[in-house]
Amino acid sequence: MLIHLHPQNNFMKLNTVIFDIDGLLIDSEPLWCEAADEVLIDYNIKLTDQQYISTTGLRTKEFVQSWFRYFKIDEVEVEKAEKKIIEIVLQKIKNDPIIMPGVAYIFDFFFKKNFKIGLATSSPQALIDLVIDLLDIKNFVLATASAEDLAFGKPNPLVYLNCAEKLNASPFECICFEDSFNGMIAAKAARMKCVIVPTHAQLKEERWGAADLKLSSLQNFGELHFTSLI
């Protein structure tokens with residue numbers, strides 16, 4: 001008798017959802033760019049839109065290191081610039097938080113399905129705590145993970161694996177929602193399902209092909225999309 005062995009993930013049911021934060025739950029990517037502009041101008045650095053896009057999803061330290069190396073700025077300045085950018089961003093979010101369309105809907109969608117819900121981001125824990133308060137999602141979120149103090153940030157999958165472990169979930173049981181290329185690569189490297197929600201300007205780019213599903217907005221996610229991921 002032949003016994004067909006199926007991959008482990010075929011036996012596992014999706015029961016966990018993990019969300020990125022910046023650019024997905026809150027419209028903070030422009031704020032990161034504004035903050036970086038304000039800090040980098042002191043080093044005579046002015047980044048283009050494409051340069052910002054190329055480093056979206058990286059930790060702030062890696063973002064600063066990358067461009068300081070490119071523009072040959074002394075790396076002893078990295079920590080100071082990193083801290084200043086984070087301080088400015090947190091203040092900007094507090095002053096004028098812009099919640100992305102569909103956030104309340106998507107949390108309610110998975111909460112009603114009894115999914116475990118987590119947040120995984122390259123941003124520091126201070127931003128996670130701030131966003132949880134602003135969005136009033138404390139009762140939904142069971143675990144958070146920041147890549148701030150991990151050995152590697154996105155596109156390395158470590159932050160997603162860390163969040164899944166906190167949720168007592170296998171990667172094969174997880175759906176990730178992302179908005180950046182580096183985040184998508186991290187989610188897929190973690191062997192999780194990935195729903196990508198790019199900006200309108202980037203929506204038609206071919207680089208999103210690795211994602212399991214592409215949407216223009218969180219509010220467009222529905223039962224048919226959910227079923228397609230199972």
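**Close-up views of the predicted model**

**View 1. Helices H7 and H8 against the sheet.** In this predicted model, helix H7 (residues 158–166) lies across four strands, namely strand S1 (16–19), strand S2 (116–121), S3 and S4. The direction of H7 is at about 155° to that of S3. Helix H8 (residues 181–189) also packs on the sheet, where H8 touches S4 and S5. Between the directions of H8 and S5 the angle is about 165°.

**View 2. Strand order of the open sheet.** Six strands form an open sheet in the order S3-S2-S1-S4-S5-S6, and their pairing is parallel. Strand S3 (143–146) and strand S6 (213–214) are the edge strands, each pairing on one side only.

**View 3. Pairing of S4 with S5.** Four bridges join strand S4 (residues 174–178) to strand S5 (residues 193–196) in the parallel sense. Ile-175 has Lys-193 of S5 as its bridge partner, and Phe-177 stands opposite Val-195 in S5. From S4 the chain passes through H8 to S5, making a right-handed β-α-β crossover.

**View 4. Pairing of S5 with S6.** S5 and S6 are paired in the parallel sense over two bridges. Val-195 has Leu-213 in S6 as its bridge partner; Val-195 also stands opposite Phe-177.

**View 5. Surroundings of Gln-65 in helix H3.** Gln-65 is located in helix H3 (residues 60–70). Gln-65 counts as buried because its relative accessibility is 17%, and buried means under 20%. Apart from neighbours within four places in sequence, Gln-65 is in contact with Glu-75 and Val-78.

Conventions: Residues are numbered from 1 along each chain as its sequence is written. This is a predicted model: local features need pLDDT of at least 70, side-chain atom pairs count only at pLDDT 80 or more; totals for chains, interfaces and linings use all residues. Side-chain values use heavy atoms; hydrogens and water are left out. Buried means under 20% relative accessible area, exposed over 50%, partly exposed in between (1.4 Å probe, protein chains only). Contact means heavy atoms within 4.5 Å. Two strands pair if DSSP finds at least two bridges between them. Axes are lines fitted to C-alpha atoms, for helices over the stretch in contact, and angles run from 0 to 180 degrees between N-to-C directions. A crossover is right-handed if, with the strands pointing away from the viewer, the path from the first strand over the helix to the second runs clockwise.
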